[in-house]
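Colleague: Before I use the labels attached to a structure, I should like to understand how each one is justified. Would you take me through the reasoning?

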Amino acid sequence: MSNKQQEQTPSPARSKGSEPTLEVVILLVFGVFLFILGLLWFKIQTGELPYNPNSTYGLLLVIFSLEIITLGRSPFGDFRRSWTLIILGACMAVLGTVACLIPGLMEGFTRELVGIFIFAGGIVSFLQLAVGKDQARTWIRTSSIHKHLALALGLLYFIEVLVGLVTLLPSITTNTVTAVLYIIFGISFFYLAWCLQKVTRLNSPEEITASSSEPYDAKTDKKGSFFLFRDAHIPTVVALNFMFGLILILVAILLIPANMSIFTFSFENMRGLLLVILALQMLALGSTPVGEFKRSWLLILIGLAFISMGIISCIVPGLLAGVMVLLLAIWNIVWGSVGLVKIFLPILDGIRHPPAEPAPIPPLIKKMIVTKIIVFIGCIIFGISVLLPGYIPDLIQLGMVFILGILFIRLAHVLQNLMVQKA
């Protein structure tokens, strides 16, 4: 949460007109998460709603990890997007996923870990803003929107320190004050997102920094450096496919001891987590079940609505159980069906109207097409198994989820190779 936002103005390549940037999208996701948590906290403290702290903080860790992997930003500020940072982000995603799916396994640990991230990160970022590079003072003298930006950052970091302290030491204040702090924290993310979007539209060259998620450029990589310290030139589409595959593999692995009754597995939290990841893909890539679209404000609102339902499902178990089953099933069935149609329609058209000189298909493109076909078929089967539990044996479902995870990572690898080839 506590990034060096004063250096994160997106590059023009990722900002076309009023189109929301990925930085703005992630800020909105954090804002929605905290705003919803604050609203639910009023009912949770009175016992009117059940509460699952493990999955709440676990989901927050997963969102942290996505920010680290896609933007190179940690709770303690911006870092060079090296392979070390990517690996740390993946480890955080694994930890958050386990906390989400296995209730009580890491009771208290995830809360303390998130509390440290927020509290320490808020202090570090506030100091960076105040005394780091004199940017806050410069902004105040620049323009009205820059004054808003400095105020938004200062407010966010100050509230972040308070929220981190309350997370680490919940007994130091009342539940009502905690709920209000969560709501104010969420609103501060919305305020910062608005400021960044306004600043981005100014297209001021001196404020624009290079994007950490731009396509791979072999010339910028130092071949002599150790692998873990090299820049990880991973586009957002590759990072998100890798993360989704990693989480699916982990789900399948955890289902094995759960089916042996070694520990309890929360299928509801799994559905909430998967819906959040799928909706994040929609927000980041414009990838919806019915096709690819430009990242517009309408798409952002729809994606945030899905993310909100996934967040509520993880915070309050049982509240949206039936809705989550229906949403996740329909999403996968429609996504898989539309994807297959889009692949096979051009193939059938080519068979009916063959070209005079057929163009050869590059091997990497063939691999991508075959991988996508299998992924789409697997998504349809997975959606049916979610919608009609009991009709597909548990062992087959487990194997299917594991294979889907492998395929998503395979797809990420093929996409990365394609982008390296084009560079």
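The conversation below takes several labels in turn and sets each against its cut-off.

Modeller: Please bear in mind throughout that this is a predicted model. The protein chain has 423 residues, of which 54% are buried. Its secondary structure comes to 13 helices and four strands.

Colleague: What makes C195 a buried residue?

Modeller: The label requires a relative accessible area under 20%. C195 has 0%, and therefore it is buried. C314 is buried for the corresponding reason, because its relative accessibility is 0%.

Colleague: How do you know that C314 and C100 are not joined by a bond?

Modeller: A disulfide is a covalent bond between the sulfur atoms of two cysteines. To be counted, the two sulfur atoms must lie within 2.5 Å. The closest cysteine sulfur to that of C314 belongs to C100 and is 4.7 Å away, so the pair is too far apart for a bond. The search of the whole structure finds zero disulfides.

Colleague: Why is the pair E48 and K43 called a salt bridge?

Modeller: The cut-off is 4 Å, taken between a side-chain nitrogen of Lys or Arg and a carboxyl oxygen of Asp or Glu. The closest N and O atoms of E48 and K43 are 3.3 Å apart, so the pair qualifies. The structure holds two salt bridges. In the other pair, R111 and E112, the closest N and O atoms are 3.9 Å apart, which is within 4 Å, and therefore this pair qualifies as well.

Colleague: Why is E48 called exposed, while K43 is called partly exposed?

Modeller: Exposed means over 50% relative accessible area, and partly exposed covers the range between 20% and that value. E48 stands at 51%, so it is exposed. K43 stands at 41%, so it is partly exposed. E112, at 39%, is partly exposed because its value also falls in the middle range.

Colleague: How do you know that the length of helix α9 agrees with what is expected?

Modeller: The expected span is 1.5 Å times one less than the number of residues. Helix α9 has 19 residues, 267–285, so it should span 27 Å; its end C-alpha atoms are 27 Å apart, and the two values agree. Of these 19 residues, 17 are buried, so α9 is described as mostly covered. The helix is followed by G286, whose phi is positive, near 75 degrees.

Colleague: What makes S287 a buried residue, and where is it placed?

Modeller: S287 lies in strand β3, residues 287–288. Its relative accessible area is 14%, which is under 20%, so S287 is buried. Leaving aside neighbours within four places in sequence, S287 is in contact with Q281, M282, E292 and W335.

Colleague: Why is F35 called partly exposed?

Modeller: F35 has a relative accessible area of 28%, which lies between 20% and 50%, and therefore it is partly exposed. This residue is in helix α1, residues 22–45. With neighbours within four places in sequence left aside, the contacts of F35 are Y182, I183, G186, I187 and F190. F35 and F190 are 155 residues apart along the chain, while their C-alpha atoms are separated by 9.8 Å. For the chain as a whole, residues 24 or more positions apart account for 81% of the contacts with a separation of 6 or more.

Colleague: Which residues make the nonpolar surface patch, and why can L388 be part of it?

Modeller: The patch is made by L326, I330, I384, L387, L388 and Y391 and has about 580 Å². Helices α11 (321–352) and α12 (363–387) each give two or more residues to the patch. L388 itself is in the loop between α12 and α13 (394–422). Patch residues need over 30% relative accessible area; L388 has 40%, so it meets that requirement and counts as partly exposed.

Colleague: What makes G104 partly exposed rather than buried or exposed?

Modeller: The relative accessibility of G104 is 43%, which is neither under 20% nor over 50%, so the middle label applies. G104 is in the loop between α3 (83–101) and α4 (109–132). Its C-alpha atom is separated by 8.9 Å from that of N52, which is 52 residues away along the chain.

Technical notes: Residues numbered from 1 in each chain as written. Predicted model: local features only at pLDDT ≥ 70, side-chain atom pairs only at ≥ 80, totals over all residues. Heavy atoms only, no water. Buried < 20%, exposed > 50% of the residue type's maximum accessible area, 1.4 Å probe, protein only. Contact = heavy atoms within 4.5 Å. Patch = residues over 30% accessible without salt bridge, like charges linked within 9 Å, V, L, I, M, F, W, Y side chains within 5 Å. Areas by Shrake-Rupley, 256 points an atom, 1.4 Å probe, with all protein chains shown as cover.
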